[in-house]
Amino acid sequence: MRRSRVVAMLAAGGLAVAGCSAPGPAEVTFYGDGHTIRTAPIGNCDLKTGVCSANPGAAGTLKVRPGRSVQISVPKEVAETPWKVTVQYVNSKGQPQPLQEAIITSGDRYAYTATPPAKDDQIVVVEIAQASVISRTGDPNDAEPITTALWSLQVRPN
C-alpha cells in the first residue's frame, strides 16, 4: 500500500525540483551509439543541511543516430532511491513527440534503456531525477516526493 502511494505521488507530482537531499554529487553514465559520457548532477540538494546547488554546465552531450537507444547506468546512491527517467524524442520530420517517463522504485535497479518508439525517431534529451520521500509531520500518509538531484543529457544526431 505504501509503495503504491509513493508511485502514485511520483507520477502525479512529476518529481518537481524542491526541498533538498542526496549524498554527494553521484555521476550517472549514459551510453549510446558507441559513445559513453559520465555526468554530475545539474542540480543537487542535501536534506540534512538544506543546501542546494546548481551546476548547469554538468549536462552531458552525446552523438547518437536516429533510431538508436541510450542506455543509462546509475550508481548505488541513486538505485536505492526512487528515480525517474524522462525522454524527449523528435520524429523524422523534427517534430517533438510526447515525453516518455519511467519511474523506478524497486530500490535495486541500476540501469534503464531509452528506446525511440520508431526507427527514424531521434532521442534529443534524457533526464534522470532522483527523489526522496519526506513527511513534514512524521506520518507516512503525509509523505511527499521531492527531487534531490537531476542529471541531463543532450543528444545530438550522429
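Trainee: With which residue does Glu144 form a salt bridge?
Mentor: The model is predicted: local features need pLDDT of at least 70, side-chain atom pairs count only at pLDDT 80 or more, and totals for chains, interfaces and linings use all residues. Residues are numbered from 1 along each chain as its sequence is written, and side-chain values use heavy atoms, with hydrogens and water left out. A salt bridge requires a side-chain nitrogen of Lys or Arg within 4 Å of a carboxyl oxygen of Asp or Glu. The closest N and O atoms of this pair are 3.8 Å apart, and the partner of Glu144 is Arg136.

Trainee: Is Arg136 buried or exposed?
Mentor: Buried means under 20% relative accessible area, exposed over 50%, and partly exposed in between (1.4 Å probe, protein chains only). Glu144, at 38%, counts as partly exposed. Arg136 has a relative accessible area of 69%, so the residue is exposed.

Trainee: Which residues are joined into one network by salt bridges that share partners?
Mentor: By the same rule, the count comes to six salt bridges. Those that share partners form a network of Asp33, Arg65 and Arg68.

Trainee: How many residues apart in sequence are the parts that Asp33 and Arg65 tie together?
Mentor: The side chains of Asp33 and Arg65 meet in a salt bridge of 2.6 Å, N to O. Helices (H or I, at least four residues) and strands (E, at least two) are DSSP runs, numbered from the N terminus. Asp33 lies in the loop between β1 and β2 (35-39), and Arg65 in the loop between β5 (60-63) and β6, so the separation of the parts they tie together is 32 residues.

Trainee: Is Asp33 buried or exposed?
Mentor: Its partner Arg65 has a relative accessible area of 35% and is partly exposed. For Asp33 the value is 15%, so this residue is buried.

Trainee: Which residue forms a disulfide with Cys45?
Mentor: A disulfide is a pair of cysteine sulfur atoms within 2.5 Å, and a search of the whole structure finds one. The sulfur atoms of this pair are 2.2 Å apart, and the partner of Cys45 is Cys52.

Trainee: Which of the side chains along strand β6 are buried?
Mentor: Strand β6 covers residues 70-73, and its side chains alternate. Gln71 and Ser73 point to one face and are not buried. The side chains on the other face are buried, namely Val70 and Ile72.

Trainee: How many bridges join β6 to strand β9?
Mentor: Two strands pair if DSSP finds at least two bridges between them. Strand β1 (residues 28-32) pairs with β6 in the antiparallel sense over three bridges, with Thr29 opposite Ser73. On β9 (residues 111-114), Tyr112 stands opposite Ile72. Strands β6 and β9 run antiparallel, and the number of bridges joining them is four.

Trainee: Which residues have the most contacts inside the largest nonpolar core?
Mentor: A nonpolar core is a set of buried Ala, Val, Leu, Ile, Met, Phe, Trp, Tyr and Cys residues joined through side-chain atoms within 4.5 Å. The largest has 25 residues, and those with the most contacts inside it are Phe30, Ile72, Val126 and Ile128.
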